[in-house]
Amino acid sequence: MNKKELIHQIFTRETFLCVGLDPDLKKMPQHLLSGDDPIFDFNRAIIDATAPYSVAFKPNLAFYEMYGAKGVRSFEKTIDYIKQNYPHHFLIADAKRGDIGNTSAMYARTFFELYNVDALTVAPYMGEDSVTPFLGYPDKWVILLALTSNRGSADFQTIAGDDGQPLYEKVIRRSEQWATDEQMMYVVGATRGELFKDIRRIAPSHFLLVPGVGAQGGSLQKVCRYGMTPECGLIVNSSRGIIYASSSDDFAQAAAAKAREMQQQMAKALRGSNKRQ
């Protein structure tokens, strides 16, 4: 999915919600656990319930790989189900890959050729040659970690160098030389609030994948106030706050209600911002 198509989906659906598919058997309704593939059964129900209110889905590989080959198969079934039933949803593999060049090339083949997802989260720490192998695929996206929502991000990401620039700003400025806003996005945590103004100063037209709204305490209103662009420029992810809204038999309905609530707020932000050109 290219940038024009993504923007079209956002404004047509009046949502920039991404539903994070982070299945945990310990948190699922008990009645699912007796099935052959409770992870896929859970995901399928969540996907069907939230698809009307979202524009993207983001399975996090850690929640599948921990179950070994069976979990990976559940991941494969999940992405196949999304592509077959909701082909206009943006599909992100949250795997945070990034290694030396030839290893990154194999990761790129895995996610963009074998799994054929739209986007992959990538860690920038090893530099340009570890990221560029992911950039050789038309209409595929690299989502580079920039300023994350976790507390420990302050250990490195906000430390300023001799020039006064924090590390996350250096990451964005340098990586803008590797790809355009047609192929690269940045992860910026919703808990960063007004720092979105600084992000937009140096990356005014890139899409931002924004985790941390909901369970982590990030404010959707602040994200929209400081991060929205004329093309929206935001994909806001919510995982636990939606998919675990209930642990009872009504889990899918509860997830739909939470997703609908966020979608309505997003629709208001899109309509009321008067930013779209």
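This text is a guided tour of the predicted model shown above, with a suggested selection at each stop.

**Stop 1: the nonpolar core**

Begin by selecting F16, F90 and V236. Among the 94 residues of the largest nonpolar core, F16, F90 and V236 touch the most other members. Next, colour residues 251-272, which form helix α11. This helix supplies nine residues to the core, the largest share.

Now keep F16 in view and display what surrounds it. Which residues does F16 contact, once its neighbours within four places in sequence are left aside? The list comprises I10, V55, L220, C224, M228, C232, L234, I235, V236, M266 and L270. Two cysteines, C224 and C232, appear in this list, and they are the subject of the next stop.

**Stop 2: two cysteines without a bond**

Select C224 and C232 and show their sulfur atoms. A disulfide is a covalent bond between the sulfur atoms of two cysteines. How many disulfides does a search of the whole structure find? The search finds zero.

The pair on display shows why such a bond is absent here: the sulfur of C224 has its closest cysteine sulfur in C232, at 7.3 Å, which is too far for a bond. A disulfide would require the two sulfur atoms to lie within 2.5 Å. Seen from the other side, the closest cysteine sulfur to that of C232 is the one in C224. As for their surroundings, C224 is buried, at 11% relative accessibility, and C232 is also buried, with a relative accessible area of 0%.

**Stop 3: a salt bridge between distant parts of the chain**

Select E14 and R271. Side chains of opposite charge can pair when their charged atoms come close. R271 and E14 form a salt bridge, with their closest N and O atoms 3.1 Å apart. The two partners are 257 residues apart and link distant parts of the chain: R271 belongs to helix α11, whereas E14 is in the loop between α1 (3-13) and β1 (17-21). R271 is exposed, with a relative accessible area of 52%, while E14 is partly exposed, at 27% relative accessibility.

Remain at E14 and examine its backbone. Most residues other than glycine have a negative phi, and most peptide bonds are trans. E14 is not a glycine, yet its phi is positive, at about 55 degrees.

For another such case, select N116, where phi is near 55 degrees, again a positive value in a residue other than glycine. N116 is found in the loop between α5 (101-114) and β4. With 36% relative accessibility, N116 is partly exposed.

**Stop 4: further salt bridges**

The structure contains 14 salt bridges in total. One of them joins the side chains of D163 and K170, with a distance of 2.8 Å from N to O. Both partners are partly exposed: D163 has a relative accessible area of 49%, and K170 has one of 30%.

Now move to helix α7, residues 167-175, and select E169 and R173. These two residues form a salt bridge whose closest N and O atoms are 3.0 Å apart. Within the helix they are four residues apart, which is about one turn. Is E169 buried or exposed? E169 is buried, with a relative accessible area of 6%, whereas R173 is partly exposed, with 34%. Add D198 and R201 to the selection: salt bridges that share partners join E169, R173, D198 and R201 into one network.

**Stop 5: a buried residue in helix α2**

Select I47, which lies in helix α2 (residues 38-50). I47 is buried, with a relative accessible area of 0%. Apart from its neighbours within four places in sequence, I47 is in contact with L21, F57, T78, Y81, I82 and Y86. As an exercise in using the distance tool, pick the C-alpha atoms of I47 and M1; they are separated by 19 Å, and the two residues are 46 apart along the chain.

**Stop 6: a nonpolar patch on the surface**

Finally, switch to a surface display and select I100, Y125 and M126. These three residues form a nonpolar patch on the surface, and together they have about 390 Å² of accessible area. Y125 lies in the loop between β4 (119-122) and α6 (128-131). Y125 is exposed, its relative accessible area being 79%.

Methods
Residues numbered from 1 in each chain as written. Predicted model: local features only at pLDDT ≥ 70, side-chain atom pairs only at ≥ 80, totals over all residues. Heavy atoms only, no water. Patch = residues over 30% accessible without salt bridge, like charges linked within 9 Å, V, L, I, M, F, W, Y side chains within 5 Å. Areas by Shrake-Rupley, 256 points an atom, 1.4 Å probe, with all protein chains shown as cover. Salt bridge = Lys/Arg side-chain N within 4 Å of Asp/Glu carboxyl O. Helix = DSSP H or I, 4+ residues; strand = E, 2+ residues; numbered from the N terminus. Buried < 20%, exposed > 50% of the residue type's maximum accessible area, 1.4 Å probe, protein only. Core = buried A, V, L, I, M, F, W, Y, C linked by side-chain atoms within 4.5 Å. Contact = heavy atoms within 4.5 Å.
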